[in-house]
Amino acid sequence: MGNKFLEGNFAPVSREHTITELAVTGRIPEFLDGRYLRNGPNPLSEVDPAAYHWFMGDGMVHGVRLRDGRAEWYRNRWVRNPAVAAALNGEDASRFCGLDALGANTNVIGHAGKTLALVEAGAPIYELTDELDTVGRCDFDGTLPGGYTAHPKRDPRTGELHAVSYFFGMGNKVQYSVIDAGGRVRRTVDVEVTGSPMMHDFSLTENHVVFYDLPVTFNAGMAVSAGVPAALRTPAKLVMSAMIGKVRVPDPVTAMMAGRIGANGGLPYRWNPKYPARIGVMPREGGNREGGRGDVRWFDVEPCYVFHPLNAYDDGDSVVLDVVRHPKMFDTELHGPGEGGPTLDRWTVDLAAGKVLEERLDDRGQEFPRVDERLVGRRHRYGYAISADGGANPSGSLFKHDLQTGRRAERAFGAGRQPGEFVFVPRHEEAAEDDGVLLGFVFDPASQRSDLTVLDAGTLETVAAIHLPDRVPNGFHGNWVPA
């Protein structure tokens, strides 16, 4: 059985590289002093195509160090959780299962002097060295036990990381956390949701936290079928379905369930048409009310799924949310996103009237939206996304949205080339919103290699291309980490 998420540039690479002589076309801007890092799934061992889900692959971080107009190195490294470390050492990795076997494969950031490989859903995150070698698990100096998230938001004013974390063992709760600029948790708030959703991302404004409680939920049947004997699957599924999303799952049961979820396997989350679609708005300093309601106001939206908001901001009595909206997710395609074209939409939450206005900003398929990070939670003019067919397949272009004029500029890379997510880096801290460059990997199927491509953010013209010795598989998220 074929699986498109193991084919073409979704297929894993088999080698780790350390390359210090990199060919460059064009001129690398001298103001770039730091590392461009990108994370994504890269299964180490042979996988079952019938079971494999793109989100479950072992994590691999790719990085390019830029300084003084030069590309000093390219490195790619597997994130060495216990299972990956054992496999790379030629040992039996099958003894590792559950959350310890899941790869930190979704995002990579710099915070408080550390490089962190991130993943969601209760799995551990990992600290890396500047050269991308694995240091070990990260729990923010013991202040945040358990898992974290793939999508924290950094407040550009305070430097704090805000996040929303979910895990099927938490019952009908998710956790909002704030990590200070020194890397320790300042506060947490438990928030009651409808059940056990896959809450991949959230939005942050200057005054509010926004939760996306949407109908992709933990599926006990899929988790149980991963390792329970056939004769026991039906009663086990009934017990798990009665518990998950309603009450906190006891630790022994959580460990048993997590042990059924293996790396490089299936994802136990599916589209749930019975689950309400809604968004929650909470003041940033909202507290833990009795029952975990956390001062949240909930607003219904049309059923859909959102992996990634572009940005959000307050506008008087309204909260404006620019999001990439999928019509549904993991309903018939169970190997990765692929349930219809994702569009750029605007949801305006009228707090006074108690309703949401849903608008379509762009109906072209697109994903991996990014904004100037200096404007997270504040009114933005520009946003960037890559064109995508049906869900996650990159289709050759980068979009630049001008949300003030409603215009969209498009940069096509041509000849079958596939861009990944691009991130914006300002020319200097006080530069205008699109005065800087965009950084991202672009795969060339003709050469089977990738370039780190540097674009002028104003014109979308190529400034430089750093040619890598191998390809960077289609992956998820990355960031510019300044020196």
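The count of salt bridges comes to 29, a salt bridge being a side-chain nitrogen of Lys or Arg within 4 Å of a carboxyl oxygen of Asp or Glu. The model on display is predicted, so local features need pLDDT of at least 70 and side-chain atom pairs count only at pLDDT 80 or more, whereas totals for chains, interfaces and linings use all residues. Residues are numbered from 1 along each chain as its sequence is written, and side-chain values use heavy atoms, with hydrogens and water left out.

**Stop 1: selected salt bridges**

Select Arg70 and Glu72. Their closest N and O atoms are 3.2 Å apart, and the two residues form a salt bridge. Colouring by accessibility is useful here: buried means under 20% relative accessible area, exposed over 50%, and partly exposed in between, with a 1.4 Å probe and protein chains only. Arg70 is partly exposed at 44%, while Glu72 is buried at 17%.

Select next Arg378 and Asp155, whose side chains meet in a salt bridge at 3.7 Å, N to O. Arg378 lies in the loop between strand E24 (366-370) and strand E25 (382-389), and Asp155 in the loop between strand E10 (153-154) and strand E11 (161-165), so the pair ties together parts that are 223 residues apart in sequence. In these labels, helices (H or I, at least four residues) and strands (E, at least two) are DSSP runs numbered from the N terminus. Arg378 is buried, with a relative accessibility of 16%, and Asp155 is buried as well, at 1%.

Move to Arg381 and Asp402, which form a salt bridge at 2.8 Å, N to O. Since Arg381 is in the loop between E24 and E25 and Asp402 is in strand E26 (residues 393-402), the pair ties together parts that are 21 residues apart in sequence. Arg381 counts as partly exposed at 25%, whereas Asp402 is buried at 11%. To view a network, select Asp155, Glu206, Arg284 and Arg378, which are joined by salt bridges that share partners.

**Stop 2: cysteines**

How many disulfides does a search of the whole structure find? The search finds 0, a disulfide being a pair of cysteine sulfur atoms within 2.5 Å. Select Cys138 and Cys304: the former is buried at 11% relative accessibility, and the latter is buried at 0%.

**Stop 3: Gly338**

Gly338 is in the loop between strand E21 (318-326) and strand E22 (343-350). This glycine is partly exposed, with a relative accessible area of 26%. Leaving aside residues up to four places away in sequence, Gly338 touches Met329, Glu333, Gly390 and Gly391, where contact means heavy atoms within 4.5 Å. Measuring to Ala388 in the viewer should give a C-alpha separation from Gly338 of 10.0 Å, across 50 residues along the chain.

**Stop 4: cavities**

Rolling a probe the size of a water molecule over the atoms shows where empty space is left. On a 1 Å grid over the protein atoms alone, a cavity is a set of points where a 1.4 Å probe fits but cannot get out, a pocket is an open set with protein on both sides within 12 Å along at least five of seven lines, and lining residues have an atom within 4 Å of a point. Grid points are joined across faces, edges and corners, and a volume is the space filled by probe spheres set on the points.

The whole structure holds 3 cavities of 30 Å³ or more, and the largest contains about 400 Å³ of space. Select Phe55, Glu120, Tyr166, Met198 and Leu267, the closest to its centre of the 32 residues that line the largest cavity. Strand E20 (305-315) and E24 are the elements that give two or more residues to this lining.

The second largest cavity has a volume of about 130 Å³. Of its 20 lining residues, Arg38, Pro419, Gly420, Asn474 and Gly475 are the closest to its centre. E30 gives the most to the lining of the second largest cavity, with 3 residues.

**Stop 5: the largest pocket**

The largest pocket has a volume of about 1000 Å³. Select Arg154, Arg370, Glu373, Asn479 and Trp480, the closest to its centre of the 41 lining residues. E20 supplies the largest share of this lining, 5 residues.
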